Amino acid sequence: MQIDVLTIFPGMFNAVLGESIIKNAQKKGLVKINIIDLRPFSKDKHGKVDDKPFGGGPGMVMNPEPFFEAVNYIRRKTKDRRWKTRVVLLTPKGATFNQKLAREISKYEHMILICGHYEGIDERVREHLVDKEISIGDYVLTGGEIPAMAVIDSVTRLLPGVLGNKDSVVGESFSENLLSHPQYTRPADYKGTKVPEVLLSGDHDKIKDWRKKQSLKTTKKKRPDLIKRRSS
Ligand code: ADE
């Protein structure tokens with residue numbers, strides 16, 4: 001999968017993309033991530049990418065041109081003749097991101113993530129360039145960079161070969177609209193607090209059964225909305 005990110009703050013991505021599982025996924029060639037500075041696509045001689053809103057009001061609005069120019073440049077460079085590229089805008093107005101959406105996006109061949117700022121982006125970008133709008137929750141951040149990183153992280157770990165054990169994504173939280181069961185590791189007795197006996201029994205059917213029950217119990221208690229979604 002190829003992911004291109006359009007941002008005015010490319011430096012924000014270094015730490016997240018340069019560590020751990022996402023770093024290894026790139027090294028192994030399972031995902032190619034390009035962080036692209038939007039400013040060089042501005043026609044303004046100072047690289048300005050925003051302006052005052054027509055009709056007045058507070059703050060600044062991001063100009064349409066740099067986004068159109070940058071997306072065209074990426075499409076030309078990747079020879080996107082079959083129009084396989086999906087353009088995704090990170091915005092609080094988008095559909096709320098969840099595991100189902102992460103799974104859907106992990107099937108894309110190529111995606112361009114657009115990070116907005118200030119009071120927003122000129123509406124023509126959304127109308128004519130964007131295929132999908134995503135929000136990471138009902139709160140407002142200073143820009144789309146952190147949401148873009150959350151999307152990249154959750155999508156990359158679903159790509160085949162990224163996680164060592166392919167069962168890692170089976171049975172994890174949200175995989176069947178359930179939260180995951182509790183996990184324990186050594187020591188079996190930590191200062192008197194003991195690991196549930198069943199996990200030490202070696203009886204795999206019993207363990208499976210216990211874990212499913214725990215998942216249901218935790219989900220019912222903490223996220224009853226997920227249980228409702230399972231039955232509807
Ligand atoms: N930009 C600012 N806040 C956001 C959010 N919650 N989700 C996606 N993009 C955003």
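A residue counts as near the ligand if one of its heavy atoms lies within 4 Å of it. By that rule, the residues around the ligand are Leu90, Thr91, Pro92, Ile134, Ser135, Ile136, Gly137, Tyr139, Val140, Leu141, Gly143 and Pro147. The model is predicted. The chain is divided into two parts: domain 1 covers 2–156, and domain 2 covers 171–231. The briefing starts with the overall layout, then turns to the ligand, the aromatic pair and some single residues.

**Overall layout**

- The chain has 232 residues, and buried residues make up 38% of them.
- Eight helices and nine strands are found in the chain.
- The C-alpha trace spans about 70 × 40 × 40 Å along its principal axes.
- Between the C-alpha centres of domain 1 and domain 2 the distance is 37 Å.

**Ligand site**

- Three backbone contacts to nitrogen atoms of the ligand can be listed by residue.
- For threonine 91, a backbone N or O atom lies 3.2 Å from a nitrogen atom of the ligand.
- For isoleucine 136, the distance from a backbone N or O atom to a ligand nitrogen is 3.0 Å.
- For tyrosine 139, a backbone N or O atom lies 2.8 Å from a nitrogen atom of the ligand.
- On its own, the ligand has 260 Å² of accessible area, and the protein covers 96% of this.
- Two elements give two or more residues to the shell around the ligand: strand 5 (86–96) and strand 7 (132–135).
- Strand 5 supplies the largest share of that shell, with three residues.
- By class, the shell holds eight nonpolar and four polar residues. No charged residue belongs to it.

**Aromatic pair**

- One aromatic pair turns up in a search of the whole structure.
- Its members are phenylalanine 41 and tyrosine 73. The ring centres are 5.4 Å apart, and the planes meet at 55°.
- The pair counts as tilted, because planes under 30 degrees apart would be stacked and those over 60 edge-to-face.
- Phenylalanine 41 sits in the loop between strand 2 (32–37) and strand 3 (50–51), while tyrosine 73 belongs to helix 3 (residues 64–77). The pair therefore ties together parts that are 32 residues apart in sequence.
- Phenylalanine 41 has 16% relative accessibility, so it counts as buried.
- Tyrosine 73 has a relative accessible area of 34%, so it is partly exposed.

**Loop between strand 6 and helix 5**

- Tyrosine 118 lies in the loop between strand 6 (110–115) and helix 5 (123–128).
- Phi of tyrosine 118 is near 55°, a positive value in a residue other than glycine.
- The relative accessible area of tyrosine 118 is 39%, so this residue is partly exposed.
- Isoleucine 121 also has its place in the loop between strand 6 and helix 5.
- Isoleucine 121 counts as buried, at 17% relative accessibility. The cut-off for buried is under 20%.
- Isoleucine 121 and leucine 89 are 32 residues apart along the chain, and 9.8 Å separates their C-alpha atoms.

**Loop between helix 6 and strand 8**

- Asparagine 177 is placed in the loop between helix 6 and strand 8.
- Although asparagine 177 is not a glycine, its phi is positive, at about 55°.
- Asparagine 177 has 24% relative accessibility and counts as partly exposed.
- Proline 187 is found in the loop between helix 6 and strand 8 (189–190).
- The peptide bond that joins arginine 186 and proline 187 is cis, with omega at about 0°.

**Helix 6**

- Serine 154 is part of helix 6 (residues 145–156).
- At 14% relative accessibility, serine 154 counts as buried.
- Serine 154 and alanine 102 are 52 residues apart along the chain. Their C-alpha atoms are separated by 6.4 Å.

Conventions:
Residues are numbered from 1 along each chain as its sequence is written. This is a predicted model: local features need pLDDT of at least 70, side-chain atom pairs count only at pLDDT 80 or more; totals for chains, interfaces and linings use all residues. Side-chain values use heavy atoms; hydrogens and water are left out. Domain bounds come from an automatic or database domain assignment. A polar contact is a pair of N or O atoms within 3.5 Å; within protein, one must be able to donate a hydrogen and the other to accept it, and residues adjacent in sequence count only if both atoms are side-chain atoms. Accessible areas come from the Shrake-Rupley method with a 1.4 Å probe; for residues, only the protein chains shown count as cover. Helices (H or I, at least four residues) and strands (E, at least two) are DSSP runs, numbered from the N terminus. Ala, Val, Leu, Ile, Met, Phe, Trp, Tyr, Cys and Pro count as nonpolar, Asp, Glu, Lys and Arg as charged, and the others, Gly among them, as polar. Rings of Phe, Tyr and Trp (its six-membered ring) pair if their centres lie within 6.5 Å; planes under 30 degrees apart count as stacked, over 60 as edge-to-face and the rest as tilted. Buried means under 20% relative accessible area, exposed over 50%, partly exposed in between (1.4 Å probe, protein chains only).
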